[in-house]
Structures are given as C-alpha cells and as structure tokens.
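Below is a short briefing on charge pairing, exposure and backbone angles. Please look over the sequence and the structure before reading on.

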Amino acid sequence: MASDQPSASASAVQALERLGSMSLRRVSMDDLLQTIADLAKTVLPGNPEASVTLLVKDHPTTVASTGELATDLEEAQYDRGHGPCLHAARTGELVEITDMRADSRWSDYTPQAVEHGALSSLSVPLAMDDDEQVAGALNVYARRPHAFDEDSRTAATRFGPYAAVAAGNLHAYLSARDRADNLQVALETRGVIDQAKGILMDRHKLTADQAFQVLAQMSMKTNRKLHAVAVDLVHTGELPPGNWFPGTR
C-alpha cells in the first residue's frame, strides 16, 4: 500500500539530513535514540508508533519509544521471549508483518498486537557488537495492514546505522558504571565518527547524512565496525578501493 503522506520520500530525506547534522559528540545517546524513534513515527505511514530495542546477551530493553502502543508490544514480546523485534535483533534479518490478523509466525503474540491496535509492523536489525553480544532493532508498529511499501522499508533501513551507533554507545555508557574505561571509549567513538564525516563532507562535497551513509556502507561491505572504518579514514585520509558513493550525489 502506498504511503498516506504527500511526499514520504522527501520527508525521509529531510529526516536523514536532520540526523546527519546532529553531532555525535554533543548530543546525548538517549536524545539521539528518541529523535530516531520520533522521526520514524513522523516519516513512515500507517499512523505508527516506533521504538528502539537494545539486546544485551539476549536480555532486551526498550531504550526509546514514541508511545504506549510500541512499549506495550515490546513488553509482550519480551515476556514471551520471541516476536518480530527480537527475531530481527537476534538474526540480523529485516522482519515485516504485513497483516497481524493473518500472520502465523508468532501466533501467541499477533492477537495481542491486534487487540492493542497494531495491524502491521516493521523491525529493522541494528548490528552493533557480536563479541559483546550486543544487538538491537528499530521497530515500527502501524495501525493499518500492509502499511509499508518499498520506499518505507528503504527509509526505515537508512535510519538503522544511526540507531546502531547511538544504541551501541548508550550500552557503553551504561556499562561504564562497572567499567569506567568504556565511557572514554564511547566518547572517542563519537568523536572519530564526526571527524571522518567532516573529511568526507569537505573532500567530496557531501552532506552530513551522505557522509554518514558512506561510512555505514563501508562498514557493512567490509564487515568491520563503523568506528574502525572511521579511525582508518581519519588516520590515513584515504578511502579503501571501491565505489562508495552510488546515489549520494
């Protein structure tokens, strides 16, 4: 079903530009995660609510939410130990339920979702740190069936790298209560990503969002953490061989 907004693509671009312009050095991780959830709610169709799930050693927590619908459905999945948001976080797979009334994958969860007013959902996996068993998902719960088209899925997926960095660093902050050095690591991570974005913006005349998407694409295609990719760029001033700029100009 097509979006019910006059220009979903334009709205998504504006949202991504807003995210790209936010300095990871200056904004708190909680604020950034909430902004991501708020923008997903605003941009995506189906009168949705959105949330971000953080999964640490298979223990889930909702770290940002736009309303009770999202929070209640997250808790329903946590109580059962399964559901679309947990499946996305655990497997790295994009999970879409087009119609809660007809989907049989989580038959003890979907009737409750319908009762709460959610008829479709989209869960975008957030890759963070396999070694530390940290993962997550950006979740969107729509109040109508078949709410998401290809543009909606693409927009939601592009929010993913921002949410992954923010949620990963939030986990580092929380862990710092027990391991103080994690706090310094989190601060350095945000700083070096901002530096790498600046290099790309200056050298290749990119917007802040385009620069971040280039870093995210390099991270995914080289199977390396985004922070490691940013460190290499800052230290060497050079990109690895490859076409990293499709669709950014």
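**Salt bridges around R153**

R153 and E150 form a salt bridge in which the closest N and O atoms lie 3.2 Å apart; a salt bridge here is a side-chain nitrogen of Lys or Arg within 4 Å of a carboxyl oxygen of Asp or Glu. This is a predicted model, in which local features need pLDDT of at least 70 and side-chain atom pairs count only at pLDDT 80 or more, while totals for chains, interfaces and linings use all residues. Residues are numbered from 1 along each chain as its sequence is written, and side-chain values use heavy atoms, with hydrogens and water left out.

- R153 and E150 are three residues apart in helix α6, so about one helical turn separates them. Helices (H or I, at least four residues) and strands (E, at least two) are DSSP runs, numbered from the N terminus.
- An α-helix has 3.6 residues a turn, so residues three or four places apart point the same way.
- E150 is exposed, with a relative accessible area of 52%, whereas R153 is partly exposed at 21%. The classes are buried under 20% relative accessible area, exposed over 50% and partly exposed in between (1.4 Å probe, protein chains only).
- R153 also meets E96 in a salt bridge between their side chains, at 2.7 Å from N to O.
- The E96 and R153 pair links distant parts of the chain: E96 is in strand β3 (residues 95-97) and R153 in helix α6 (residues 150-175), 57 residues apart.
- E96 is buried, its relative accessible area being 18%.

**Other charged groups**

- The whole structure has 10 salt bridges.
- One of the pairs joins the side chains of D232 and R224, at 2.7 Å from N to O.
- Both members of that pair have computed exposure values: D232 is partly exposed at 34% relative accessibility, and R224 is partly exposed at 36%.
- K41, E49 and R143 are linked in a network of salt bridges.
- Side chains of opposite charge can pair when their charged atoms come close.
- E68, D72, E75 and D79 form a negative surface patch. Patch members have over 30% relative accessible area and no salt bridge, with like charges joined within 9 Å and nonpolar side chains (Val, Leu, Ile, Met, Phe, Trp, Tyr) within 5 Å.
- Within this patch, E75 is located in helix α3 (residues 68-80) and is partly exposed, with a relative accessible area of 39%.

**Helix α8**

- Helix α8 (residues 208-222) has 15 residues and should span 21 Å at 1.5 Å a residue; its end C-alpha atoms are 21 Å apart, which agrees. The expected span is 1.5 Å times one less than the number of residues.
- α8 is mostly covered, as 12 of its 15 residues are buried.
- Among the buried residues of α8 are F212, V214, L215 and M218, as well as D209 and Q210.

**Positive phi angles**

- Most residues other than glycine have a negative phi, and most peptide bonds are trans.
- H146, not a glycine, has a positive phi of about 50°. H146 lies in the loop between β5 (134-142) and α6 and is partly exposed at 39% relative accessibility.
- K205 is not a glycine either, and has a positive phi of about 55°. K205 is in the loop between α7 (181-204) and α8 and is exposed, with a relative accessible area of 67%.
- N223, just after α8, takes a positive phi of about 55°.

How values were computed:
Areas by Shrake-Rupley, 256 points an atom, 1.4 Å probe, with all protein chains shown as cover. Lys, Arg positive; Asp, Glu negative; His and termini not counted. Charge placed at Lys NZ, Arg CZ, Asp CG, Glu CD.
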